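Here are a few exercises to work through with the model open in your viewer. Try each task before you read the solution under it.

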Amino acid sequence: MIGERMQDAINAQIKEEMESAYLYLSMVGYFESIGLEGMAQWMKAQVQEEVAHAMRFFDHLVERDGRVKLLALAEPKTEWSSPLDAFQAALAHEEYITGKISDLVTLAAEENDHAAAIMLQWFVSEQVEEEATASRIVDLLARIGTDGPGLVMVDRELGARVPMCTPAPADSDGE
Ligand code: OFO
């Protein structure tokens, strides 16, 4: 059975992960609106990843007889001044999430919650990757500036990202 402090903190983290998904989904809309479909595709895959992160926390609570309590999500921003501005916001958001994971690790130690500590190790490594990926894209976009062909190239590269899972096509008999 999970302790109450950790249960509340994990419920709060489920909200953080879902807000990450919501923010990135808003960025999908932004990239679609300016015709950068590769970046939109990349962000769609990121949305799936964030929902999967929320589900890891959700499942951890359920497995340990905790109670899931979903909290209201904040409305995300909808406009950015450029693709670089959007990816800089994504990087800043990942840095913020890294801080949240770090707080959870500290709490797990305080509470002597070894199960949570082990589960959180995956997130510690994942955040290193999340920040590195966003940072690499920010660097690329900063280097090309507003150069049209460069932007098209980066858009094409990001569009090659494979989503975690693709929904099965609807049955032809309508089921
Ligand atoms: Fe869940 O890692 Fe991004 O936010």
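**Exercise 1: a serine and its surroundings**

Ser 26 is found in helix α1. This is a predicted model, so let's see what it says about that residue.

Task: Work out whether Ser 26 is buried or exposed, and find which residues it touches beyond those up to four places away in sequence.

Solution:
- Step 1. Start with the relative accessible area of Ser 26, which is 13%.
- Step 2. Buried means under 20%, so Ser 26 counts as buried.
- Step 3. Now look for partners: leaving out residues up to four places away in sequence, Ser 26 touches Pro 76, Lys 77, Thr 78 and Trp 80.
- Step 4. For a long-range check, take Glu 79: it sits 53 residues from Ser 26 along the chain, yet their C-alpha atoms are separated by 8.4 Å.

**Exercise 2: helix lengths**

Task: Compare the spans of α1 and α2 with what 1.5 Å a residue predicts.

Solution:
- Step 1. Helix α1 covers residues 4-33, which is 30 residues.
- Step 2. The expected span is 1.5 Å times one less than the number of residues, so α1 should span 44 Å.
- Step 3. The end C-alpha atoms of α1 are 44 Å apart, in agreement with that.
- Step 4. Do the same for α2: with 27 residues, 39 Å is expected, and the distance from its first C-alpha to its last is close to that, at 39 Å.
- Step 5. Check what follows each helix. After α1 comes Gly 35, with a positive phi near 75°; just after α2, Asp 65 has a positive phi of about 60°.

**Exercise 3: Val 62**

Task: Place Val 62 in its helix and say how exposed it is.

Solution:
- Step 1. Val 62 belongs to helix α2, residues 37-63.
- Step 2. Its relative accessible area is 47%. Buried stops at 20% and exposed starts over 50%, so Val 62 is partly exposed.
- Step 3. Now measure across to Ile 2: the two are 60 residues apart in sequence, but 9.5 Å apart C-alpha to C-alpha.

**Exercise 4: two helix pairs**

Task: How do α3 and α4 cross, and how do α4 and α5 cross?

Solution:
- Step 1. The axes of α3 (residues 83-110) and α4 (residues 114-144) come within 9 Å and cross at roughly 160°. That makes the pair roughly antiparallel.
- Step 2. The crossing of α3 and α4 is left-handed, and the contact has 19 nonpolar, four polar and four charged residues.
- Step 3. Next, the axes of α4 and α5 (residues 148-159) come within 9 Å and cross at roughly 160°. These helices are therefore roughly antiparallel too.
- Step 4. The handedness of the α4 and α5 crossing is right-handed.
- Step 5. List the contact residues: Arg 136, Ile 137, Leu 140, Leu 141 and Ile 144 in α4 meet Gly 150, Leu 151, Val 154, Glu 157 and Leu 158 in α5. By class, that gives seven nonpolar, one polar and two charged.

**Exercise 5: zooming out**

Task: Describe the whole protein through its helix and strand counts, its burial and its contacts.

Solution:
- Step 1. Count the elements: five helices and zero strands, in the order α-α-α-α-α.
- Step 2. The C-alpha trace spans about 55 × 50 × 25 Å along its principal axes.
- Step 3. Of 175 residues, 41% count as buried.
- Step 4. Among contacts with a separation of 6 or more, 82% join residues 24 or more positions apart.

Methods: Residues are numbered from 1 along each chain as its sequence is written. This is a predicted model: local features need pLDDT of at least 70, side-chain atom pairs count only at pLDDT 80 or more; totals for chains, interfaces and linings use all residues. Side-chain values use heavy atoms; hydrogens and water are left out. Axes are lines fitted to C-alpha atoms, for helices over the stretch in contact, and angles run from 0 to 180 degrees between N-to-C directions. Helices (H or I, at least four residues) and strands (E, at least two) are DSSP runs, numbered from the N terminus. Angles under 35 degrees count as roughly parallel, over 145 as roughly antiparallel, 65 to 115 as roughly perpendicular and the rest as oblique. A crossing is left-handed if the near helix is turned anticlockwise from the far one by less than a right angle, and right-handed if clockwise. Ala, Val, Leu, Ile, Met, Phe, Trp, Tyr, Cys and Pro count as nonpolar, Asp, Glu, Lys and Arg as charged, and the others, Gly among them, as polar. Buried means under 20% relative accessible area, exposed over 50%, partly exposed in between (1.4 Å probe, protein chains only). Contact means heavy atoms within 4.5 Å.
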